[in-house]
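Dear colleague,

I am passing on the structure below, and after it you will find notes on its cysteines and on one pair of packed helices. Please read them with the coordinates open beside you.

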Number of protein chains: 2
Amino acid sequence: MSGISDRKFTIGVDYGTNSVRAIIVDLEDGSEIATAVSPYSGGEAGVLLDAQRPMLARQNPRDYVDGFYRAVAKVIEIAQSTPPGHDRGFTPDGIVGIGVDTTGSTPIPVDESGTPLGMIPEFEHELDAMAWLWKDHTSFAEAAEITEKASRSEDRYLSKCGETYSSEWFWSKILHCRRTNPRVFKAAFSWVELADFIPAFITGNTDPDTLPRGICAAGHKAMFHESWGGLPSEAFLESLDPDLVRLRSHYNGATKTSDQKAGGLCAPVAAKTGLIAGTPVAVGAFDCHMGAIGAGIKPGTLVKAIGTSTCDVMIHPETEPLADIPGLCGIVPGSVMPGYFGLEAGQSAVGDIFNWFVRQMVPEHYFENDAVHENLSQAADKLLPGESGLLCLDWNNGNRTILVDQLLTGLTVGTTLHTTAPEIYRALIEATAFGALTIIKRFEEYGVKVEEVINCGGIAEKSPLIMQIYADVCNRPMKISRSPQTCALGAAICGAVAGGAFKNIQEAQKRMTGVKKTVYKPNPSAVAVYERLYRLYRELHDAFGVDGRKESLYHVMKHLLEIRDTVRKRY
Amino acid sequence: MSGISDRKFTIGVDYGTNSVRAIIVDLEDGSEIATAVSPYSGGEAGVLLDAQRPMLARQNPRDYVDGFYRAVAKVIEIAQSTPPGHDRGFTPDGIVGIGVDTTGSTPIPVDESGTPLGMIPEFEHELDAMAWLWKDHTSFAEAAEITEKASRSEDRYLSKCGETYSSEWFWSKILHCRRTNPRVFKAAFSWVELADFIPAFITGNTDPDTLPRGICAAGHKAMFHESWGGLPSEAFLESLDPDLVRLRSHYNGATKTSDQKAGGLCAPVAAKTGLIAGTPVAVGAFDCHMGAIGAGIKPGTLVKAIGTSTCDVMIHPETEPLADIPGLCGIVPGSVMPGYFGLEAGQSAVGDIFNWFVRQMVPEHYFENDAVHENLSQAADKLLPGESGLLCLDWNNGNRTILVDQLLTGLTVGTTLHTTAPEIYRALIEATAFGALTIIKRFEEYGVKVEEVINCGGIAEKSPLIMQIYADVCNRPMKISRSPQTCALGAAICGAVAGGAFKNIQEAQKRMTGVKKTVYKPNPSAVAVYERLYRLYRELHDAFGVDGRKESLYHVMKHLLEIRDTVRKRY
């Protein structure tokens, strides 16, 4: 066994929607020896809102910087103060690398020095100068315009993002800023994704022209693809707005994968956190792509990160043929790991829907013991599939995959005078499961076989009911990632690889990732009912979500009632 | 001025779903001098339920008899004990007549003596031997069968009931009893509507072969129409079930209108209540038809009784042409008053939907001061039409008019992560208003002009918000009946006319009915938004409610969001 002084560690720093989390991981087995979370201080749970613009969601870049200092300093302190007898032999010079993952697309307008405008006094109270959080949907009109213009372009810009460009993404947001706040737009020398900004900031290279841009953010959100020479052409950007052209020139087109080094930790940041200056920092990537690594992704494995929303990631060897898959958020070589296409799908809201329901619609008595989700789950667990006669569409926050349409909303059909809160709660869970199945089907329709599903994220960790419903609806075993912090673990793995501790990501995964023993297996009788319900879901899905169809929905309610009655008799 | 001893009164006895109410009314001006309510003691708020058969709703006939004794004895006592100085000169011999109205179709199986089976020891614990309350929907399959067979009959049996026979009605229920409980069916010598049973019982003539059957119940629910010789033919009943034929022979086909006398009060009932034996008793009718009289119905006036459900009644001169109106529950000569077709429409649930929502879906803080409906209304009142982006279908209890389909359910579309309980509450109110408008349009499409709307019932009395939304959605002034007890008042009027105090119902109405000063007038800006929302409602209505269509619903959500945004900008 190696001596204490030989122990090696890696740090993962995970920027979520409401807080930043730092973990220190043992290279030996991927176990977490310390974790620290620092909530953002601005706005509502870290998100800046505007009552007049309900689709707006911003964050203060200062929260990102402060969050790094706080979370990393704290995690180092915790790791160092491990009680005697539990000593893991941690010292800061045992850290081989640092990896960073963030939400996205979360572009930040910066000045010529790379300083976020929101950190400059002139703009510090201006929402449009802040980071435009992924879930900001103010730019839906610009997204539609980009989709429309790109669909007519010779370069098939939409072929790698499901034929639809989203309001959650880079150029939509920038164009919306151009259209609605020219002053901020003009002051922005460039726009930098949060995933790129943090590595840039902590390595001391924030120059927009040279800071490394990760292929993950570039490829998935900024329409970057080598087949058309990197970013979209000047002519295309000019067709959106001539002022966008100059932004193209302040963007380092030598994009990098996250197993590569962005630079070494700069001295000022090292001093503030207790890290060693020069520690290798990996190129940043989005949380779910890093999470997929932390969950042990490989070809044939779908990694579902289920939290407020979901991100569904697969990889596919670049050496094998792959069709462009309509409705996927992205197909990007190297976005998860080198040599593989990273395929990203997702649902715009999952936990957010359950939380909304609990906040707005649930009577007092379900809040007993301050455990409303548990109480509702317990009651919902007693219901049989199909018993409530309810069917919901999981579109309270739009639909990301496969429709890529923010202008969709939630629907509940089948309510009677006896419908209860747990029935609706369960129907909402089922709706998100149907949404998940729709994504799996889309992968497989285009030749990407889903041989295994590994779930991670808060909901996968906490809700056996939800995981069982997912198994029953999808008719597949649902596995759970061993680490509860897959994103941070994935970032830590990238930090370790960029720091040279492993040959590649796969080698690191072998040592550091795995799944839990508990696997949720499909129950055949539930599977049979859900097959029927899914057909109805898909009819509603297509009737409300797909333009230009001509089909009647008449029989939907009849079938729901008939299924309900059948189910009641059968069990 | 007439001396005290000349004062004349009439009694109205109103059998609701949960209780029986008796009022004593002054013939001079229709004012109520005393009222008494007696709740039924059986089941849940008077309704017998069966957890295994969720569509079942029965009542114990003993509750009807006991209710009459209790409510009438009490109202006489109250009228007699009027304090000095408020003496209205009431004595029981000043009562010129008694009228009775009831829910319906509420058929009761009776033995050869006319005694309800549920009052006989052998059957007193048997749900199928009880009264089959109007809202019992167990016989939906039989209703479909009757509709199907009647549609193929040479006699156009469905032409007077909107081309669809309902599970709420007489023959559906009897046929369901035949199919599911042959023992009870066999024991039933005849079936008597509650509206006929009470006058029969209190006049001492319960012989099923001779007791007067009111045209209201017969015509609206038992397919009775003189154009095909009264009840449906033996051949038709035989096609449903040969055993139904014998029931036809125990039914007095000389149906009567409610201005006519069923008989004189029998001595035993008089003794139990303090009334005078021999007091004239009018032929019974359904609550809403009597309510229409009490609200002052005349040609061109729609009377809407809005409570847990609605009943919408119009009359049309028999001397003028009238098309058969698809989807109406009934077109029956004389069912409201002689010389006029009584036209009945209605919504299967209105207040029931709001109560369901409050019971199942509303967070604690809206219950402040035990005034949940008021608190939600106050919050909902602050919302602008269209602002929530929500649209509901008001079908939680099926759709009575114009689709006549119990196998429809509620729908809510447009929910987001920010949707609140008051928003849904308002959307549910709007949905019932759209349902109301759909009925008005159907009347007018078939040449029955709606020149005036008079509302009555608990909701019309209590909710200015709902009445204003109805005015805005229907783009018509909403008037409120002066009397809060229009059904009982209408019954009392019929009692007075049957007792000879007035030449006819119209003369009595002139003296005894009227509307309140407060009239809810449409607000043009709200009207404009609701016109747009109604078009969407109608699309959902037709897509989910009408068989065989081929239209896309794709644009519904887009339009709702667009309307929401437009509205927010405009105000």
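**Cysteines**

With a relative accessibility of 15%, A:Cys288 counts as buried. Please keep in mind that this is a predicted model, and that a search of the whole structure, over all chains, finds zero disulfides in it. Why is A:Cys288 not bonded to A:Cys311? The sulfur of A:Cys311 is the closest cysteine sulfur to that of A:Cys288, but the two are 3.2 Å apart, which is too far for a bond, because a disulfide requires the sulfur atoms to lie within 2.5 Å.

In chain B, B:Cys474 is likewise in no disulfide, and the nearest cysteine sulfur, which belongs to B:Cys456, is 15 Å away. B:Cys474 is also buried, its relative accessible area being 5%.

**A helix pair in chain A**

Two packed helices are described by the angle between their axes and the distance between the axes. In chain A, the axes of helix H15 (residues 464–474) and helix H18 (residues 524–545) come within 7 Å of each other and cross at roughly 65°, so that H15(A) is roughly perpendicular to H18(A). The crossing of these two helices, H15(A) and H18(A), is right-handed.

On the side of H15(A), the contact is made by A:Ile469, A:Asp472 and A:Val473, while H18(A) contributes A:Ala526, A:Val527 and A:Tyr530. Sorted by character, the residues of the contact between H15(A) and H18(A) comprise five nonpolar and one charged, with no polar residue.

With best regards

Terms used. Residues numbered from 1 in each chain as written. Chains lettered and ligands numbered in written order. Predicted model: local features only at pLDDT ≥ 70, side-chain atom pairs only at ≥ 80, totals over all residues. Heavy atoms only, no water. Buried < 20%, exposed > 50% of the residue type's maximum accessible area, 1.4 Å probe, protein only. Axes fitted to C-alpha atoms, helices over the stretch in contact; angles between N-to-C directions. Helix = DSSP H or I, 4+ residues; strand = E, 2+ residues; numbered from the N terminus. Parallel < 35°, antiparallel > 145°, perpendicular 65-115°, else oblique. Left-handed = near helix turned anticlockwise from the far one by under 90°. Contact = heavy atoms within 4.5 Å. Nonpolar A, V, L, I, M, F, W, Y, C, P; charged D, E, K, R; others polar.
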